[in-house]
Amino acid sequence: MINAISDRLSGLVSLFWREVAKFGTVGGLAFVVDSAIFIWLLNGPLHSGEVWAKSIATIVASIFSWVANRYWTFRHRKQNNVIREAVLFAIMNGVGLLIAAGCVAFAKYVLLMTDKVSIFVAGSIVGLILGTIFRFFAYRFWVFNEELDAEPGYEGDHEIIEGHHEHAAVAAESVAGTRDRSEN
């Protein structure tokens with residue numbers, strides 16, 4: 001029984017870390033896209049529109065991220081309904097955008113930090129970290145939550161998760177049955 005729980009837990013941890021590694025790679029590339037566009041906009045067309053610059057950069061990076069996450073990171077979980085998936089992704093990225101732009105607005109209007117380095121750190125470091133934490137769990141549990149592919153190494157995901165829940169239910173029933181017998 002302990003070995004079964006250990007095997008299932010090990011499988012879940014392995015699955016989780018594979019997804020985190022892929023998500024981190026996509027996130028790193030999206031960070032480069034976001035940062036490059038943000039810096040270009042800050043030093044060019046939107047030099048005094050920091051919040052708008054961050055918003056535009058985040059939107060472009062989010063489009064890149066959706067394609068990369070859909071077809072690589074969570075390809076074993078992508079949904080049949082692409083429109084629904086894209087809408088959920090857009091909503092989750094809208095929240096991520098509000099987090100990043102909110103960090104820029106907070107730095108500029110509350111902390112009165114107007115130099116480009118402070119604005120960059122607020123939006124592209126602090127905002128990105130907070131937004132990334134939110135996005136990973138949002139993508140994992142709400143956007144890319146269906147298993148459609150039989151990718152090697154992922155084909156047993158549902159059995160790992162469902163088996164864990166079934167095993168927990170059997171263990172709970174066993175404990176309850178033991179208590180009932182000991183009380184009689």
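Among contacts in the protein between residues at least 6 apart in sequence, what percentage join residues at least 24 apart? The share is 77%, where a contact means heavy atoms within 4.5 Å.

This is a predicted model, in which local features need pLDDT of at least 70 and side-chain atom pairs count only at pLDDT 80 or more, whereas totals for chains, interfaces and linings use all residues. Residues are numbered from 1 along each chain as its sequence is written, and side-chain values use heavy atoms, with hydrogens and water left out.

## Overall architecture

The protein holds five helices and zero strands, and its elements follow the order α-α-α-α-α from the N terminus; helices (H or I, at least four residues) and strands (E, at least two) are DSSP runs, numbered from the N terminus. Of its 184 residues, 35% count as buried, a term that stands for under 20% relative accessible area, while exposed stands for over 50% and partly exposed for values in between (1.4 Å probe, protein chains only). The accessible surface of the protein amounts to about 10,500 Å², and 71% of this belongs to carbon and sulfur atoms; such areas come from the Shrake-Rupley method with a 1.4 Å probe, and for residues only the protein chains shown count as cover.

## Salt bridges

A search of the whole structure yields two salt bridges, each defined as a side-chain nitrogen of Lys or Arg within 4 Å of a carboxyl oxygen of Asp or Glu. Side chains of opposite charge can pair when their charged atoms come close. The two pairs are set out below.

| Pair | Closest N to O | Elements | Separation in sequence |
|---|---|---|---|
| D34 and K54 | 2.4 Å | helix 1, helix 2 (residues 50-73) | 20 residues |
| E50 and K108 | 2.5 Å | helix 2, helix 3 | 58 residues |

Both D34 and K54 are buried. In the other pair, E50 counts as buried because its relative accessibility is 8%, and K108 is likewise buried, with a relative accessible area of 15%.

## The surroundings of D34 and S124

D34 belongs to helix 1 (residues 2-42), and its relative accessible area is 5%, so the residue is buried. Besides its salt bridge with K54, the side chain of D34 makes a polar contact of 3.2 Å with the side chain of T58; a polar contact is a pair of N or O atoms within 3.5 Å, of which, within protein, one must be able to donate a hydrogen and the other to accept it, and residues adjacent in sequence count only if both atoms are side-chain atoms. Leaving aside residues up to four places away in sequence, D34 touches K54, A57, T58, A61 and S124.

S124 is placed in helix 4 (residues 116-143), and it counts as buried because its relative accessibility is 1%. A polar contact of 3.1 Å joins the side chain of S124 to the side chain of K54. With residues up to four places away in sequence again left out, S124 touches F31, D34, S35, F38 and K54.

## Nonpolar cores and surface

The largest nonpolar core has eight residues in all, namely F23, W66, F74, F89, M92, F136, A138 and Y139; a nonpolar core is a set of buried Ala, Val, Leu, Ile, Met, Phe, Trp, Tyr and Cys residues joined through side-chain atoms within 4.5 Å. Two or more residues of this core come from each of helix 3 (82-110) and helix 4, with helix 4 giving the most, three residues. Another core, of seven residues, lies apart from it and includes L41, L42, V104 and I119.

Within the largest core, F89 lies in helix 3 and is buried, with a relative accessible area of 4%. The C-alpha atoms of F89 and W66 are separated by 7.1 Å, although the two residues are 23 residues apart along the chain.

On the surface, V117, V121, I125, V126, I129, L130, I133, F137, F141 and W142 make a nonpolar patch of about 930 Å². Patches are made of residues with over 30% relative accessible area and no salt bridge, like charges being joined within 9 Å and nonpolar side chains (Val, Leu, Ile, Met, Phe, Trp, Tyr) within 5 Å. I133, one of the residues of this patch, is found in helix 4.

## A backbone feature

L112 lies in the loop between helix 3 and helix 4, and its phi is near 55°, a positive value in a residue other than glycine. Most residues other than glycine have a negative phi. L112 counts as exposed, because its relative accessibility is 65%.
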